[in-house]
Structures are given as structure tokens and as C-alpha cells.
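This briefing goes through one protein model for a reader who has the coordinates open. The topics are the overall make-up, the two sheets, the helices and a few single residues.

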Amino acid sequence: AGSEDLLADWEKPAVAFVLTGEMHGYIEPCGCSENMPGGLARRLDCIQRLGSRGWPVVPLDAGGMLHPGRVGREQSTIKLQHSWTALHTLGYRAIAVGLEEARLGADGFFNAYDSNPGVSNTEDVRNETPYLAANLKLYDPNFDLFPISHTIIEAGEVKIAVTAVISPELVRPHLPPGQADLMIFEEPAAALQRILPQLQQAEPDVLVLLSHCSAQESEQLAQQ
């Protein structure tokens, strides 16, 4: 059955979340890669089909956009920049910092934010599709420019507060030399307790946590 048939009997939701993560890929074939079925194009088609039904669609990504076996290559930052821009084009409202982004280290990851060659709408990408991590700071505990801790989204009549965390234990063994002291982590549970009053102050209808932790830790955080 086609997607229209699958949704034929569904009532219009207050909001429709499209949740993705761990893309681990490329934007287009480069002649040296295989098994690339066009995931972004199909993802766009799905989002557009939902939107065409009048549904308020909120795409969110849990991070991990880069191929894990190629993170250390010089072109990784450029690939991340253009993947980030692609998700903005698809209408994504937030992206969590994933393992592959964090593996770039503070310098590599910030370079993806600070310079985006060949992309004319860099400020729109940064502001409309922000990278989130409530428990990670780059360079200094008071550096709040990138990534940000949370974002507030309005879709239809629903106000949504979105935040994200990443497991320090997941990242630290994979950091490049000299970057460990530049990636300042807080334990996920402590970070969420710290920012929860800020989220509640916005009086959201829905709280969303994008977690790049183990399944067990993610479930425990959600219960708390």
C-alpha cells in the first residue's frame, strides 16, 4: 500500500513528529561509494506528503550525520555543513549533537558552525535548524553560542520545548588528540534538571528529549 493508503483513516493530529537519526552517510554518490538509496529525497517526499494533508509537521533529528568510518578526514566538516543545510531545506526544526559530530572535536565541530562555504543562507540554517546539546559546551563552560541547550517550537496550536543530551562516556574515547579538554561535558541527568525550569517557563504543551545515549540511559532520563 502507498503512503496515502496507510494514512487514509488517520485523524488529523495536533502535531506530527518526524524523528530521524544516525544518517551516517553522504548527500550524493561520489563515484566511490555504494548502497546509497537516496534517503534524503525520500525523506523530503514523506514530509511533504504529511504536510499536504494539512498536518503540522515537526521534523527532528537525533544527530550522527557523518559516516562513522570517515569522521577524521579533512572533508568531514564540509560534509557536515552541507548535510546540516540539507536538513534545513527539508524543514527540520532541531538536530541533537550525535557521536559523529562530537568526534570532530571542539575545533572541527565549531568550524562547521563558524564557516559554511558555498551556502548563502548560513544564518537561517543556524537559527532555524539549531544543533542542541544541554550537557555539552565547547571551549568554555559559559560558551552558549553553539550548540544551544534547547529550542521552543510552535506548530499549529502546539508549543513544543526540545532539548538534547549526549553521553560523555560514548564520546570521550573517540575524541581527536588535544580535544578532550575543549569538550566540556555535564552528566545528562544533571543538565536536564538544570534547564528544566527554563523549559517549563515557556509553558510548552509537549517536552521532547533527543537523546544520543544508550537505550537504557535514555529511558531512565525520560522517566526522571
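Which residue of strand 3 is the bridge partner of Asp 61? The partner is Ile 95. That bridge belongs to a predicted model, in which the protein chain forms nine helices and nine strands.

**Overall make-up**

- The protein chain has 224 residues, and 46% of them are buried.
- About 11,700 Å² of the protein chain is exposed, with 49% of this area coming from carbon and sulfur atoms.
- Of the contacts between residues at least 6 apart in sequence, 79% connect residues at least 24 apart.
- The number of disulfides is zero.
- Cys 46 has a relative accessible area of 37%, so this residue is partly exposed.
- Cys 213 is buried because its relative accessibility is 15%, under the 20% limit for that class.

**The four-stranded sheet**

- One open sheet is made of four strands in the order 1-2-3-4, and their pairing is parallel.
- Its edges are strand 1 (16–20) and strand 4; each has a single partner strand, so one side of each has no neighbour in the sheet.
- Strand 2 (residues 57–61) and strand 3 (residues 94–96) run parallel and are joined by two bridges.
- Helix 2 (residues 39–52) lies across strand 1 and strand 2. The helix runs at about 155° to strand 2.

**The three-stranded sheet**

- A further open sheet has three strands in the order 6-7-9, and its pairing is mixed.
- Strand 6 and strand 9 are the edge strands; each pairs with a single partner, so one side of each is left without a neighbour in the sheet.
- On average, neighbouring strands of this sheet are turned by 25° against each other, with direction ignored.
- Helix 8 (residues 188–201) packs on the sheet and touches strand 6, strand 7 and strand 9. The direction of helix 8 makes about 160° with that of strand 7.
- Strand 6 (residues 150–155) pairs with strand 7 (residues 158–166) in the antiparallel sense, over six bridges.
- The hairpin of strand 6 and strand 7 has two residues between the strands, and Gly 156 in this hairpin takes a positive phi near 60°.
- Strand 7 and strand 9 run parallel, joined by seven bridges.
- Val 162 links the two pairings: in strand 7 it is the bridge partner of Thr 151, and in strand 9 its own bridge partner is Val 208.

**Helix 5 and its cover**

- Helix 5 (residues 105–114) is mostly covered, as seven of its 10 residues are buried.
- The buried residues of helix 5 are Gly 105, Ala 106, Gly 108, Phe 109, Phe 110, Ala 112 and Tyr 113.
- Their cover includes the helical elements helix 3 (76–89), helix 4 (99–102) and helix 6 (122–128). It also includes strand 4 (131–132), strand 5 (136–138) and strand 8 (183–185).

**Leu 132**

- Leu 132 lies in strand 4 and is buried because its relative accessibility is 0%.
- The C-alpha atoms of Leu 132 and Ala 164 are 5.6 Å apart, although the two residues are 32 residues apart along the chain.
- Leaving aside neighbours within four places in sequence, the contacts of Leu 132 include Ala 94, Ile 95, Ala 96 and Val 97. Also among them are Pro 147, Ile 148, His 150, Thr 151, Val 162, Thr 163 and Ala 164.

**His 212 and Ala 62**

- His 212 is located in strand 9 (residues 206–212), and with 7% relative accessibility this residue counts as buried.
- The His 212 side chain reaches the backbone nitrogen of Leu 99 at 3.2 Å.
- Beyond neighbours within four places in sequence, residues in contact with His 212 include Glu 22, Ala 62, Gly 63, Gly 64, Val 97, Gly 98 and Leu 99. Val 165, Ile 166, Ser 167 and Leu 170 are also among them.
- Ala 62 is in the loop between strand 2 and helix 3.
- With the same neighbours in sequence left aside, Ala 62 is in contact with Thr 20, Gly 21, Ala 96, Gly 98 and His 212.
- Ala 62 and Met 23 are 39 residues apart along the chain, and their C-alpha atoms are separated by 9.3 Å.

Methods: Residues numbered from 1 in each chain as written. Predicted model: local features only at pLDDT ≥ 70, side-chain atom pairs only at ≥ 80, totals over all residues. Heavy atoms only, no water. Pairing = 2+ DSSP bridges. Buried < 20%, exposed > 50% of the residue type's maximum accessible area, 1.4 Å probe, protein only. Contact = heavy atoms within 4.5 Å. Polar contact = N/O pair within 3.5 Å; in protein donor to acceptor, adjacent residues only side chain to side chain. Axes fitted to C-alpha atoms, helices over the stretch in contact; angles between N-to-C directions. Disulfide = S-S within 2.5 Å. Areas by Shrake-Rupley, 256 points an atom, 1.4 Å probe, with all protein chains shown as cover.
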